[in-house]
Amino acid sequence: TDDVLIKIENEDMQIVTDEVDETDMVKAVAYFSQGLCLGYIGLLYDQAFIVTHETNLEEGVEVSPYADVIEAAVSSLEMAATISNDAEAFTIPSTWIPLTTAMTSDNFAKLANSFAARILAYSPRNKTQNDNLDWQRVYDFASEGIDFDFAPIMDDITWYSLYSIYANYS
């Protein structure tokens with residue numbers, strides 16, 4: 001994800017398939033992936049490294065509190081939504097996200113907003129943090145979120161749930 005964003009944003013790489021510029025689609029998906037990765041790391045750990053395509057690894061990376069990791073995640077998801085909304089309409093290939101309906105750029109922006117709302121809503125770790133969370137911000141993301149069933153099709157070969165596999169081990 002970060003390597004793709006480095007190539008696109010820093011080295012002006014264009015991604016063209018069959019004479020169609022797909023750079024914005026790939027960039028939106030890369031920001032989405034970055035946001036999900038950072039978001040779930042922030043939800044699971046008390047501290048983590050925030051590493052993005054903008055991080056200079058030669059300078060070293062300091063550990064950050066989970067709240068900062070969550071904010072970095074939300075920022076990446078916002079970028080995915082913004083790119084999807086501003087780009088020329090695109091459809092994400094079904095091999096990337098297998099659904100019964102096409103994942104258009106409009107729907108992808110909604111998906112990014114839904115995950116931003118989810119990650120923010122799940123981030124408080126006690127009552128005080130829950131009371132102090134900007135619930136209007138969560139609501140705003142959710143209001144711009146998905147309004148369709150999102151259920152990737154699992155084929156048990158390429159797409160499958162490792163949770164259901166490991167949950168059945170003794």
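Start with the whole chain in view and think about which residues touch: of the contacts with a separation of 6 or more, 64% are between residues 24 or more positions apart. Keep in mind that this is a predicted model.

Now colour the chain by secondary structure. You should find 7 helices and 6 strands, and following the sequence takes you through the pattern α-β-β-α-β-β-α-β-β-α-α-α-α. The radius of gyration is 17 Å, close to the 15 Å that the globule rule gives for 170 residues, so the chain is as compact as a globular protein of that length. Rotate the C-alpha trace onto its principal axes and it spans about 50 × 45 × 40 Å. If you switch to a surface view, remember that 36% of the 170 residues are buried.

Next, select residues 23-44, which form helix H2, together with residues 66-86, which form helix H3. How do these two helices pack? Their axes lie 7 Å apart, at an angle of about 160 degrees. H2 is therefore roughly antiparallel to H3, since the angle is over 145 degrees. Look along the pair and you can also check the handedness: H2 and H3 make a left-handed crossing.

Stay here and show side chains. On the H2 side, the residues making the contact include Ala28, Tyr31, Phe32, Gly35, Leu36 and Leu43. Across from them, H3 contributes residues including Tyr66, Val69, Ile70, Leu77, Met79 and Ile83.

For a last step, colour this contact by residue type. What kinds of residue does the contact of H2 with H3 divide into? There are 15 nonpolar, 6 polar and 2 charged residues. Asp24 and Lys27 of H2 are both part of the contact, and they count as charged.

Conventions: Residues are numbered from 1 along each chain as its sequence is written. This is a predicted model: local features need pLDDT of at least 70, side-chain atom pairs count only at pLDDT 80 or more; totals for chains, interfaces and linings use all residues. Side-chain values use heavy atoms; hydrogens and water are left out. Axes are lines fitted to C-alpha atoms, for helices over the stretch in contact, and angles run from 0 to 180 degrees between N-to-C directions. Helices (H or I, at least four residues) and strands (E, at least two) are DSSP runs, numbered from the N terminus. Angles under 35 degrees count as roughly parallel, over 145 as roughly antiparallel, 65 to 115 as roughly perpendicular and the rest as oblique. A crossing is left-handed if the near helix is turned anticlockwise from the far one by less than a right angle, and right-handed if clockwise. Contact means heavy atoms within 4.5 Å. The radius of gyration is taken over C-alpha atoms; the globule rule is 2.2 Å times the number of residues to the power 0.38. Buried means under 20% relative accessible area, exposed over 50%, partly exposed in between (1.4 Å probe, protein chains only).
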